[in-house]
Amino acid sequence: MQTIGVLTSGGDSPGMNAAVRAVVRTGIYKGLKVIGIRQGYHGLINGLMDEMNLSSVADIIHRGGTMLQTARSEEFRTEEGRRKANYALKIFGVDGLVVIGGDGSFAGAKKLSELGIKTIGIPGTIDNDLRYTDYTIGFDTAVNTVVDAIGKIRDTSTSHGRANVIEVMGRHCGDIALYAGLAGGAESIIVPEVPFEIDRVCKKLIKGRNRGKLHSIILLAEGVGGGMDIAKEIEEKTGIETRVTILGHIQRGGTPTAFDRNIASKMGARAVELLVAGKSCRAVGVKGLDVIDVDFDEVFNTENKFDKKSYDLANILSI
């Protein structure tokens, strides 16, 4: 192993830069040449690659987004596209590749490994939907962003005596809604993993109003449905004025938390160590205080378990 490449793919997440920094500097420390690949698999196919040095990753650990940029590539989904990508890696002399992204990015890395390129995945997605690891890079930052928004929205909701539906990201994973809702004291948390009844949500709002409560916060994961429709039904059934806030891509930006920087740095270093050891087709992650690595097949086959205990606790504390 003499030359490694690193790319970020799919949706960006806070902490990706910390992971890139760790890959580059660990690689250089171990005597490797490190190639930065811009714009994900699209850039890989088109040869958007440059050698990186220590200065290339200076002053980025605290920045959100990804300095390598990211893009989605339909061409890479084709066999011909992957052959082009493999050829580009060989032209630049890349022996191993670190891919930072979500499940789709890992699927692409596995395809490349089948063509003979050693690949290691680092989980970078705010959704926290890769269950082989306790946390993905960017999740903690996104949760803190939502909690901050809850506080601001609660202030104005209290002034007007309103309920507020806050729609957050997560696709089909309700972790952002769950943990932000628990930390932010939401009255109701609506996630795709647990069936919800609008009448139960309304009953809780009415009980709160009857005891003098001036505001109500409902956290809604985007994978459940439209916030506007739910707010309209709440207002019709309770008579409580209900507003909707869709936080959108604000959750992807901003300075990564210390937690995200730390796990990104640890996982970036482990990825390089695995490549140096001749390993391939593996994903790094965290379990408790430990950095782990598992086969890609385990990533794709790990059961999607939802933290029902925390969900039940949120319901208890919001009575």
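1. Helix α7 covers residues 198-210, and in this predicted model its length can be checked in a simple way: at 1.5 Å a residue, its 13 residues should span 18 Å, and the end C-alpha atoms are indeed 18 Å apart, which agrees.

2. The buried residues of α7 are I198, V201, C202, L205 and G208. Seen down the axis of α7, these buried residues fall within an arc of 125 degrees, so they line one face of the helix. The spacing fits a general rule, since an α-helix has 3.6 residues a turn, so residues three or four places apart point the same way. On the other side of α7, the exposed residues are R200, K203, K207 and N210.

3. Helix α11, which runs over residues 308-317, can be read in the same manner, with S310, Y311 and A314 as buried residues. They cover an arc of only 105 degrees around the axis, which puts them on the same side of α11. The face turned away from that buried side carries K309 and I316, both of which are exposed.

4. On the cysteines, C202, already met among the buried residues of α7, has a relative accessibility of 3% and therefore counts as buried, the cut-off for that word being under 20%. C173 likewise counts as buried because its relative accessibility is 2%. As for disulfides, the structure holds zero of them.

5. A nonpolar patch of about 330 Å² lies on the surface, and the residues that make it are Y87, I91 and F92. Of these, I91 belongs to helix α3, which takes in residues 79-91. With a relative accessibility of 54%, I91 counts as exposed, because that word applies to values over 50%.

6. Two residues deserve a look at their backbone angles, and Q69 is one of them: although Q69 is not a glycine, its phi is positive, at about 65 degrees. Q69 sits in the loop that runs between β3 (49-52) and α3, and its relative accessibility of 42% makes it count as partly exposed.

7. N128 also has a positive phi without being a glycine, here of about 55 degrees. The loop that holds N128 lies between β5 (118-123) and α5 (139-160). Is N128 buried or exposed? At 3% relative accessibility N128 counts as buried, whereas Q69 counts as partly exposed.

How values were computed. Residues numbered from 1 in each chain as written. Predicted model: local features only at pLDDT ≥ 70, side-chain atom pairs only at ≥ 80, totals over all residues. Heavy atoms only, no water. Patch = residues over 30% accessible without salt bridge, like charges linked within 9 Å, V, L, I, M, F, W, Y side chains within 5 Å. Areas by Shrake-Rupley, 256 points an atom, 1.4 Å probe, with all protein chains shown as cover. Salt bridge = Lys/Arg side-chain N within 4 Å of Asp/Glu carboxyl O. Helix = DSSP H or I, 4+ residues; strand = E, 2+ residues; numbered from the N terminus. Buried < 20%, exposed > 50% of the residue type's maximum accessible area, 1.4 Å probe, protein only. Disulfide = S-S within 2.5 Å. Expected span 1.5 Å × (residues − 1). Arc of directions from axis to C-beta.
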